[in-house]
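Please load the model in your viewer and keep the selection panel at hand. The tour below proceeds by selection, beginning with a pocket and continuing to the helices around it.

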Amino acid sequence: MPEPAPRPQAGSAPRFPRLLLSPRSRLSLLVCLLAGAGAAVVAYEPHRLLTDGGWPPQAGGAGAVVLFGIAYGLCTAAFVPRPVLNLASGALFGAQAGLAAAVAGTVLGAGVAFALGRALGRDALRPLLRGRWAEAADGQFGRHGFRSTLAIRLFPGVPFAAANYGAAISRVGYAPFLLGTALGCVPNTAAYVVAGSRAAAPDSPAFLLSAGFIALSVAAGAFTAWRKRHRLRPAATS
């Protein structure tokens with residue numbers, strides 16, 4: 001009788017599934033996804049579809065607002081600048097409906113980016129959180145997730161995408177992060193939406209107030225970034 005074929009040992013199981021699910025492999029997948037999304041934005045400029053000239057004319061009413069919010073969220077997850085989308089939202093739907101669409105899209109885009117960063121990049125990047133500053137920031141997010149997210153969204157100098165993926169690496173939960181995003185993005189988003197809704201009347205008080213708020217927030221963010229860079233320079237050279 002022929003001898004039975006030897007059974008594979010437990011330690012000789014295929015390593016491909018484990019390699020595919022390793023933290024470095026998932027991080028590589030995240031990098032490829034983000035690079036592809038950025039390249040698609042540069043090549044196809046999807047934000048042009050959300051402007052007055054490119055928006056589908058058959059879309060109207062509440063359905064158009066919902067559709068715009070979904071498209072807004074996907075575009076922000078792909079690194080389309082939010083100010084452009086906020087201006088388009090105001091120009092298309094007015095101040096109130098435009099603000100609702102923009103805030104919903106902001107939360108959706110933040111949730112998509114946060115989920116991708118948490119699922120694909122966190123395990124590989126968390127061991128790199130070393131140093132007192134990184135550990136303190138991680139602890140702050142873990143203990144006060146809502147308050148920390150709210151502060152980051154209110155501060156004009158923190159890039160939207162960087163905050164999303166940085167929070168995904170931290171210990172903040174989904175609910176505090178999304179709630180802090182929803183509330184913290186309102187002031188800056190409202191300024192751009194109102195400016196877009198009043199773009200045809202640049203001498204109106206609403207447009208002037210919103211434009212002044214935007215200019216002030218940009219100046220405050222630039223000044224804060226300059227001060228931090230000035231403070232860090234002596235420490236880096238010493």
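**Pocket and helix contacts**

Select first the second largest pocket, which has 27 lining residues, with R82, P156, V158, F160 and N188 lying nearest its centre. A pocket here is an open set of points on a 1 Å grid over the protein atoms alone, where a 1.4 Å probe fits and protein lies on both sides within 12 Å along at least five of seven lines; lining residues have an atom within 4 Å of a point. The model is predicted: local features need pLDDT of at least 70 and side-chain atom pairs count only at pLDDT 80 or more, whereas totals for chains, interfaces and linings use all residues. Residues are numbered from 1 along each chain as its sequence is written, and side-chain values use heavy atoms, without hydrogens or water.

The volume of this pocket is about 520 Å³, taken as the space filled by probe spheres set on the points, which are joined across faces, edges and corners. Colour its lining by class: 19 residues are nonpolar, six polar and two charged. In this scheme Ala, Val, Leu, Ile, Met, Phe, Trp, Tyr, Cys and Pro are nonpolar, Asp, Glu, Lys and Arg charged, and the others, Gly among them, polar.

Next, display α4 (82-125), α6 (145-154), α7 (160-169), α9 (186-197) and α10 (205-237), each of which supplies at least two lining residues. Helices are DSSP runs (H or I, at least four residues), numbered from the N terminus.

Keep α4 and α9 in view. Their axes are 7 Å apart and the packing angle is about 90°; axes are lines fitted to C-alpha atoms over the stretch in contact, and angles run from 0 to 180 degrees between N-to-C directions. The two helices are therefore roughly perpendicular (65 to 115 degrees). Contact means heavy atoms within 4.5 Å; residues meeting here include R82, N86 and G90 of α4 and V186, T189 and Y192 of α9. This contact comprises 13 nonpolar, seven polar and one charged residue.

Now add α8 (residues 174-184), which packs against α4 at about 150° with the axes 9 Å apart. That angle makes α4 roughly antiparallel to α8 (over 145 degrees). Among the residues in contact are V103, F114 and R118 of α4 and Y174 and F177 of α8.

Finally, select α6 with α8: their axes come within 8 Å and cross at roughly 35°. Among the residues that meet are F146 and R153 in α6 and P176 and F177 in α8.

Definitions and conventions
Parallel < 35°, antiparallel > 145°, perpendicular 65-115°, else oblique.
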